Amino acid sequence: MEETIKDPPTSAVLLDHCHFSQVIFNSVEKFYIPGGDVTCHYTFTQHFIPRRKDWIGIFRVGWKTTREYYTFMWVTLPIDLNNKSAKQQEVQFKAYYLPKDDEYYQFCYVDEDGVVRGASIPFQFRPENEEDILVVTTQEELETLQSINKKLELKVKEQKDYWETELLQLKEQNQKMSSENEKMGIRVDQLQAQLSTQEKEMEKLVQADQDKTEQLEQLKKENDHLFLSLTEQRKDQKKLEQTVEQMKQNETTAMKKQQELMDENFDLSKRLSENKIICNALQREKERLEGENDLLKRENSRLLSYMGLDFNSLPYQVPTSDEGGARQNPGLAYGNPYSGIQESSSPSPLSIKKCPICKADDICDHTLEQQQMQPLCLNCPICDKIFPATEKQIFEDHVFCHSL
C-alpha cells in the first residue's frame, strides 16, 4: 500500500456502517491499461453534501476497513451544489500511483469521518488483448463477476439486517429520550433561571475582565517606561563604573607617584640631615679657625706694634712652604712672625705660578687676562681654584686653609 505525504482520515468502521448509494460512480471501465492516468467520474446524490476532507480511494476487492486503501485523491468541492453541473465530478489518478498487478480493484468515496459513501464496480489494471476488443467474456471472468456479485449481495443483505437492528435500537432510545425529556421539562425552567443568573454573572466577569485588560495595558506601558529607564540607568552605571575604574587607576598611579616622592623626600631628608651635620661640623671648625685667626691677628698686631709697623699698611701675604717649615719649629708656636716681612720684598716661588695655557713663568698675555677678570672672580694662587667675586669670605677661608 503506497503512502502519501498526508494520510486521509480513516477508521476501523466495518462494511455494516457504510452507505454505498450516496455517491454513484459513472463510466467505470472493466479494465485500465497500465502506464496511463485514470479518470474517475462520480455523481453526488440529492441528499449528500460533500465536505473538505472527503477523498476517493482505490481499494482491492475484499477490503474490510477504509484503512486498506491502495492510493487516494482528495475531492474537489463544487462552488454551488444546487447546480446540476456541480453534481457531476471527476478526479484523476496519476499512473505512477496506480497498482501494477492484475487484481480486481474498485473506487470508494470516503467522507472525513472515515465512512464509505459510495463504491464502484470492480475493474482491473492489465493490457488490452483481442478478446477485450471483441467484447467476449470468458467463462472464468463470468464466474469471477458472479462471485463478486454474490459477495456484494451478501454485503447488502448484511447491511440491511444491520440497519433494521439499528433502527429498532434507535426507536427504543427515542422512547427513552422522550420519557427523559418529560422529566427534564420541569428542570428546564430552573435551568433557564440559573442560565439567566449565570449570564448576568458572566457579564460582570466580562466587564471585570475588560477592566483588568485595561489595567494590564497600563501596566505594560509603565513596564516599558521602566524598562527604558532601567536601560538608561544601566548605561549611566556602566559609565560610572568606567569612571570609577579610571579614577582607581589614577589613584593607583598617584599613590605610586606619592610613594616615589615620599622615598625621594626621605632620601632628601636623610641627605639634608647629613648635610646639616656636616654644616654644623664645618661651622664649628670655622668658628674655631676664626678664633685662632683672631688670636693670630692680635699676636701679629702686637709684634708689628713692637716693631713699629702698621698691620693695615702691610699687603696680604700667602703663607709659603717656608712658613710651614718654620711652623714645624717646636720653639715657635705660631710660626716665624718675621717671615712675611722678610719675604715681602721678594716674591715666593709659589706666589709666581706658571701660565696654565703657555706654561710660561713670567707674566704673559693670559696672565694679564686673568688679572683683568679679578673683579668678576677670585682665583686661588695655590691650587688655581676659581671662586665668584661675591664669595670673598669663602675664598679667604680657602686660601687660609692652605697655610694650615
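This is a working chat about a predicted model of one protein chain.

User: How many helices and strands are there in the chain?

Analyst: The protein chain has 7 helices and 11 strands. The model is a predicted one.

User: What share of the residues is buried?

Analyst: Buried residues account for 20% of the 404 in the chain.

User: And the contacts, what share joins residues at least 24 apart?

Analyst: That share is 62%, taken among contacts between residues at least 6 apart in sequence.

User: Let's go to the largest nonpolar core. Which members touch the most others?

Analyst: That core has 20 residues, and the ones touching the most other members are Phe-25, Tyr-42, Ile-56, Phe-93, Phe-107, Tyr-109 and Phe-125.

User: Which elements give two or more residues to it?

Analyst: Strands E1 (23-26), E3 (38-44), E4 (55-60), E6 (88-93), E7 (104-110) and E9 (123-125) do. E3 contributes the most, with 4 residues.

User: What lies apart from that core?

Analyst: Another core of 8 residues does, including Phe-59, Tyr-69, Phe-72 and Val-110.

User: Lots of Phe and Tyr in those lists. How many aromatic pairs does the structure hold?

Analyst: It holds 22 aromatic pairs.

User: Which residues do ring pairs link into a cluster?

Analyst: The cluster consists of Phe-25, Tyr-32, Tyr-42, Phe-44, Phe-48, Tyr-70, Phe-93, Tyr-105, Phe-107, Tyr-109, Phe-123 and Phe-125. Phe-25, Tyr-42, Phe-93, Phe-107, Tyr-109 and Phe-125 were also named for the largest core.

User: What sits over the ring of Phe-31?

Analyst: The charged end of Arg-126 does, 4.6 Å from the ring centre.

User: Now Thr-71. Where is it found?

Analyst: Thr-71 belongs to strand E5, which covers residues 69-74.

User: Is Thr-71 buried or exposed?

Analyst: Thr-71 is buried, because its relative accessible area is 1% and the cut-off for buried is under 20%.

User: What does Thr-71 touch?

Analyst: Setting aside residues up to four places away in sequence, Thr-71 touches Ile-56, Gly-57, Ile-58, Phe-93 and Tyr-97. Two of these, Ile-56 and Phe-93, are among the core members listed earlier.

User: And Pro-99, where does that lie?

Analyst: Pro-99 is in the loop between E6 and E7. Pro-99 is buried, with a relative accessible area of 3%.

User: Which residues is Pro-99 in contact with?

Analyst: Tyr-70, Tyr-105 and Phe-125, leaving out neighbours within four places in sequence. Tyr-70, Tyr-105 and Phe-125 also appear in the aromatic cluster. Separately, the C-alpha atoms of Pro-99 and Gly-35 are 9.9 Å apart, while the two residues are 64 places apart along the chain.

User: Switching to charges. How many salt bridges does the structure hold?

Analyst: There are 10 salt bridges.

User: What about Lys-94, which side chain does it meet?

Analyst: The side chain of Lys-94 meets that of Asp-37, at 3.9 Å from N to O. This pair links distant parts of the chain: Lys-94 is in the loop between E6 and E7, and Asp-37 is in the loop between strand E2 (31-32) and E3, 57 residues apart.

User: Buried or exposed, those two?

Analyst: Both fall in between: Lys-94 is partly exposed at 34% relative accessible area, and Asp-37 is partly exposed at 41%.

User: Which side chain meets Asp-113 in a salt bridge?

Analyst: That of Arg-51, at 2.8 Å from N to O. Asp-113 lies in the loop between E7 and strand E8 (116-119) and Arg-51 in the loop between E3 and E4, so the bridge ties together parts 62 residues apart in sequence. Asp-113 is partly exposed, with a relative accessible area of 46%, and Arg-51 is partly exposed at 31%.

User: Which residues are linked with them in a network?

Analyst: The network of salt bridges joins Arg-51, Asp-111, Glu-112, Asp-113 and Arg-117.

User: Where do Glu-292 and Arg-288 lie?

Analyst: Both are in helix H3 (residues 139-307), 4 residues apart, about one turn of the helix. Their side chains form a salt bridge of 2.5 Å, N to O. Glu-292 is partly exposed at 33% relative accessible area, and Arg-288 is partly exposed at 40%.

User: Last one. What does UniProt place at residues 377-402?

Analyst: The unreviewed UniProt entry gives the feature "domain: UBZ1-type" there. In the model, that span is 42% helix and 23% strand, and its end C-alpha atoms lie 19 Å apart.

Terms used. Residues are numbered from 1 along each chain as its sequence is written. This is a predicted model: local features need pLDDT of at least 70, side-chain atom pairs count only at pLDDT 80 or more; totals for chains, interfaces and linings use all residues. Side-chain values use heavy atoms; hydrogens and water are left out. A nonpolar core is a set of buried Ala, Val, Leu, Ile, Met, Phe, Trp, Tyr and Cys residues joined through side-chain atoms within 4.5 Å. Buried means under 20% relative accessible area, exposed over 50%, partly exposed in between (1.4 Å probe, protein chains only). Rings of Phe, Tyr and Trp (its six-membered ring) pair if their centres lie within 6.5 Å; planes under 30 degrees apart count as stacked, over 60 as edge-to-face and the rest as tilted. A charge sits over a ring if NZ of Lys or CZ of Arg is within 6 Å of the ring centre and within 35 degrees of the ring normal. UniProt positions are given in the numbering used here, feature names are shortened, and annotations may be inferred rather than shown by experiment. Contact means heavy atoms within 4.5 Å. A salt bridge is a side-chain nitrogen of Lys or Arg within 4 Å of a carboxyl oxygen of Asp or Glu.
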